[in-house]
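Grab a pencil and work through a few short exercises on a protein model. Try each task yourself before you read its solution.

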Amino acid sequence: MKQAEPASKTTQQRRQVLAGMGILSLLAFWKVKFGFLSPGKKVIACAPGKPVKTMKLLSEDGRLVEVDISNIKSGGQKITDQQLQQWVKK
């Protein structure tokens, strides 16, 4: 039987480099996944949010305001000019 030859110096150096890279990748994974290295820091999303559809409406005191459409419940009936003039407080 032949005895296994000892690994050459370059082979040992390659293994050490690969082992070091493996350890660094595990640390990076732990940092991202579990936040062990930097507790308390949160990732903030930088992407813009969903565009909100708004509608300009007249408030009771006569100011023009923008309101999110999802907050509007309409009965589908329009009012007359006179009803609007009576509704607005001066």
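Below are four exercises on this predicted model, each with a worked solution.

**Exercise 1: The overall layout**

Work out how many helices and strands the protein has, and in which order they come.

*Solution.* Start by counting: you should get 2 helices and 2 strands. Next, walk along the sequence and note each element as you meet it, which gives the pattern α-β-β-α. Finally, take a look at how much of the chain is tucked away. Of the 90 residues in the protein, buried ones make up 1%.

**Exercise 2: The salt bridge**

Find the partner of Arg 63 in its salt bridge, and decide how exposed each of the two residues is.

*Solution.* First, locate Arg 63: it sits in the loop between β1 and β2 (64-68). Then look for its partner, which is Asp 61. The closest N and O atoms of this pair are 3.1 Å apart, and a salt bridge needs them within 4 Å, so the pair passes the test. You can stop searching here, since the structure holds 1 salt bridge.

Now for exposure. Arg 63 has a relative accessible area of 52%, and exposed means over 50%, so Arg 63 counts as exposed. Asp 61 comes out at 44%, so Asp 61 is partly exposed.

One last step: compare sequence and space. Arg 63 and Val 88 are 25 residues apart in sequence, yet their C-alpha atoms are 9.5 Å apart in space.

**Exercise 3: The largest pocket**

Say which residues line the largest pocket and which elements they come from.

*Solution.* Begin with the idea behind the search: rolling a probe the size of a water molecule over the atoms shows where empty space is left. Here the largest pocket has a volume of about 300 Å³. Its lining is made by Met 55, Leu 57, Leu 58, Ile 72, Ser 74, Ile 79, Leu 84 and Trp 87.

Next, sort the lining by element. Both β1 (54-58) and α2 (81-87) give at least two residues, and β1 has the largest share, with 3 residues. Then sort by class: you'll find 7 nonpolar residues, 1 polar residue and no charged ones.

**Exercise 4: A patch on the surface**

Name the residues that make the nonpolar surface patch of about 470 Å².

*Solution.* The patch is built from Leu 58, Leu 64, Ile 79, Leu 84 and Trp 87. Pick out Trp 87, which lies in helix α2. Its relative accessible area is 39%, so Trp 87 is partly exposed. Trp 87 also turns up in the lining of the largest pocket.

Definitions and conventions: Residues are numbered from 1 along each chain as its sequence is written. This is a predicted model: local features need pLDDT of at least 70, side-chain atom pairs count only at pLDDT 80 or more; totals for chains, interfaces and linings use all residues. Side-chain values use heavy atoms; hydrogens and water are left out. A salt bridge is a side-chain nitrogen of Lys or Arg within 4 Å of a carboxyl oxygen of Asp or Glu. Buried means under 20% relative accessible area, exposed over 50%, partly exposed in between (1.4 Å probe, protein chains only). On a 1 Å grid over the protein atoms alone, a cavity is a set of points where a 1.4 Å probe fits but cannot get out, and a pocket is an open set with protein on both sides within 12 Å along at least five of seven lines; lining residues have an atom within 4 Å of a point. Grid points are joined across faces, edges and corners, and a volume is the space filled by probe spheres set on the points. Helices (H or I, at least four residues) and strands (E, at least two) are DSSP runs, numbered from the N terminus. Ala, Val, Leu, Ile, Met, Phe, Trp, Tyr, Cys and Pro count as nonpolar, Asp, Glu, Lys and Arg as charged, and the others, Gly among them, as polar. Patches are made of residues with over 30% relative accessible area and no salt bridge: like charges are joined within 9 Å, nonpolar side chains (Val, Leu, Ile, Met, Phe, Trp, Tyr) within 5 Å. Accessible areas come from the Shrake-Rupley method with a 1.4 Å probe; for residues, only the protein chains shown count as cover.
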